[in-house]
Amino acid sequence: MRFFVKCAVVGLAGLAAIGSAEAAGAAGERRPLAPPAFQDEVFAAWLTGFRQKAMQAGISPRIFDQALRGASPDPKVIEANLNQPEFTRAVWEYLDSALSDTRVADGKEKLRSYARTLKGLEKKYGVDRHVIVAIWGLESGYGRFKGTHNVPRALATLAYDGRRQDFGNQQLLAALKILQRGDIPVAEMTGSWAGAMGHTQFIPTTYNAYAVDADGDGRRDIWNSVADALGSTAHYLSASGWQSGRRWGLEITLPDGFDYALADPSVRKPLATWKELGVKPAKGSNFDWQADAASLVLPAGHEGPAFLVGQNFRAILRYNNSTSYALAVSLLSERFQDKGTIAADWPRAQRPLARAEREELQRLLTAKGYDTQGVDGILGANTRDALRAWQRAKGLPADGHPTADILAALRGA
């Protein structure tokens with residue numbers, strides 16, 4: 001899941017897999033690491049100061065010392081934080097992996113093995129069991145890859161220095177509160193380098209807010225209890241606005257001359273309005289779907305498949321704010337039911353832009369009068385709006401989707 005400061009949950013499996021530019025975090029300044037001896041010395045002084053902050057937040061000295069006494073910066077966390085790889089994997093490549101035959105078969109087996117637990121969660125929270133298991137499969141490979149980093153040490157490393165200090169501080173305090181409640185022993189609080197934990201990869205603040213004791217043993221244990229992990233996921237999706245009994249969305253086709261500028265998460269229209277605009281179900285799909293306000297999603301721009309998505313898709317985005325991830329969860333949940341195939345072809349000849357190219361695109365757009373509100377390589381709403389405006393001016397489909405051809409055209413213009 002890559003790593004999102006603003007997201008509530010970070011997926012371990014997705015950390016190395018999500019390929020869309022939207023999933024890239026701010027790179028920040030990359031400076032050489034300090035010599036270990038010096039760094040440990042400075043870190044120890046910082047840790048002493050943080051200990052006082054933790055005491056003021058209600059953390060007992062005993063818990064703090066158990067978790068962090070004698071700790072040193074984790075070099076693997078520092079390396080990951082400074083050198084997080086660029087996310088230039090195409091959406092279709094990500095989906096090829098996310099929807100593999102092995103992942104689908106394993107998910108079907110989990111649905112059978114945990115049928116009773118999932119039935120109870122579905123009844124209590126109204127969340128589709130197939131979606132719960134799909135998230136489990138994508139986040140940790142059904143519990144195979146939960147992470148081996150010591151979470152307090154990893155978060156202390158992030159809080160100490162670098163581009164995620166605020167996140168690290170917040171999450172470290174939250175992790176210490178988990179330990180103080182006795183939910184997990186210090187030695188067993190393991191997870192990803194970014195502090196995501198358990199079968200479904202909750203960060204500490206999300207754990208504190210949404211984790212549940214689904215197996216009834218008196219504590220919340222997303223590391224070792226599958227029921228607790230899946231129940232916590234169901235609870236979080238429910239709290240994120242999941243609508244029971246409704247679809248996540250469907251694949252559609254668009255008419256000639258369609259205004260691709262409407263393909264934006266901020267644009268939400270009733271299904272009747274989309275029909276009036278000429279939107280039709282793709283082969284194998286239908287409009288037998290209730291959606292108060294659906295958005296149009298073009299994961300690969302106007303050259304690729306198109307989808308109308310509703311509130312349940314947005315609830316998955318709350319779990320991980322990546323269109324590629326939400327689409328993978330949605331389609332995987334359908335693959336468990338022998339559905340979830342895509343009718344349209346992906347533009348596999350299309351090449352995603354590297355970070356330096358995304359920054360160049362932003363500079364070129366701004367220089368031509370289409371202000372992207374900064375050059376950071378993150379293609380957010382401001383950059384998409386600027387690109388759409390330029391595309392309109394050039395008579396191109398205004399989908400706001402950056403490609404190598406678009407960059408070449410900007411250079412030539």
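Before you click anything, one cut-off: a residue counts as buried when its relative accessible area is under 20%, and as exposed when that area is over 50%. Keep in mind too that this is a predicted model.

**Stop 1: Gln201.** Select Gln201, in the loop between strand 2 (190–191) and helix 11. Its relative accessibility is 0%, so Gln201 counts as buried. Check the backbone while you're here: phi of Gln201 is near 55°, a positive value in a residue that isn't glycine.

**Stop 2: Asp338.** Now jump to the loop between helix 15 and helix 16 (355–367), where Asp338 lies. Asp338 is another non-glycine residue with a positive phi, near 60°. Is Asp338 buried or exposed? With a relative accessible area of 64%, Asp338 is exposed.

**Stop 3: the second largest pocket.** Show the second largest pocket, with a volume of about 510 Å³. Its lining takes in 29 residues, and the ones closest to the centre are Arg247, Trp248, Gly249, Glu334 and Lys339. Colour helix 8 (129–140), strand 3 (249–253) and helix 15 (323–335), since these are the elements that give two or more residues to the lining. By class, you'll count nine nonpolar, 13 polar and seven charged residues around this pocket.

**Stop 4: Asp264.** Follow the chain past strand 3 to Asp264, in the loop between strand 3 and helix 13 (271–276). Asp264 has 8% relative accessibility, so it counts as buried. Add Arg388 to the selection: the side chains of Asp264 and Arg388 are joined by a polar contact of 3.1 Å.

**Stop 5: aromatic rings.** Over the whole structure there are 16 aromatic pairs. Zoom in on Tyr207 and Trp223, a tilted pair with 5.6 Å centre to centre and 45° between the planes. Tyr207 sits in helix 11 (residues 204–210) and Trp223 in the loop between helix 11 and helix 12 (226–239), so the pair ties together parts 16 residues apart in sequence. Tyr207 and Trp223 are both buried. Then select Phe43, Trp46, Phe50, Phe64 and Tyr160, which ring pairs link into a cluster.

**Stop 6: helices 3 and 4.** Phe64 leads you into helix 3 (residues 61–68), where the buried residues are Ile63, Phe64, Asp65, Ala67 and Leu68. After helix 3 comes Gly70, with a positive phi near 75°. Move on to Asp74, which caps the N-terminal end of helix 4: one of its side-chain oxygens lies 2.9 Å from the backbone nitrogen of Lys76. Within helix 4 (residues 75–82), look for the buried residues Val77, Ile78, Ala80, Asn81 and Leu82.

**Stop 7: helix 10.** How far apart are the end C-alpha atoms of helix 10 (residues 165–181)? They are 25 Å apart, which agrees with the 24 Å that its 17 residues should span at 1.5 Å a residue. Its buried residues include Phe167, Asn169, Gln171, Leu172 and Ile178. Gly182 follows helix 10, and its phi is positive, near 85°.

**Last stop: Lys124.** Finish in helix 7 (residues 115–125), home of Lys124. At 63% relative accessibility, Lys124 counts as exposed. Draw a distance from its C-alpha atom to that of Ser238: the two are 114 residues apart along the chain, with a separation of 9.7 Å.

Notes: Residues are numbered from 1 along each chain as its sequence is written. This is a predicted model: local features need pLDDT of at least 70, side-chain atom pairs count only at pLDDT 80 or more; totals for chains, interfaces and linings use all residues. Side-chain values use heavy atoms; hydrogens and water are left out. On a 1 Å grid over the protein atoms alone, a cavity is a set of points where a 1.4 Å probe fits but cannot get out, and a pocket is an open set with protein on both sides within 12 Å along at least five of seven lines; lining residues have an atom within 4 Å of a point. Grid points are joined across faces, edges and corners, and a volume is the space filled by probe spheres set on the points. Helices (H or I, at least four residues) and strands (E, at least two) are DSSP runs, numbered from the N terminus. Ala, Val, Leu, Ile, Met, Phe, Trp, Tyr, Cys and Pro count as nonpolar, Asp, Glu, Lys and Arg as charged, and the others, Gly among them, as polar. Rings of Phe, Tyr and Trp (its six-membered ring) pair if their centres lie within 6.5 Å; planes under 30 degrees apart count as stacked, over 60 as edge-to-face and the rest as tilted. Buried means under 20% relative accessible area, exposed over 50%, partly exposed in between (1.4 Å probe, protein chains only). The expected span of a helix is 1.5 Å times one less than its number of residues. A polar contact is a pair of N or O atoms within 3.5 Å; within protein, one must be able to donate a hydrogen and the other to accept it, and residues adjacent in sequence count only if both atoms are side-chain atoms.
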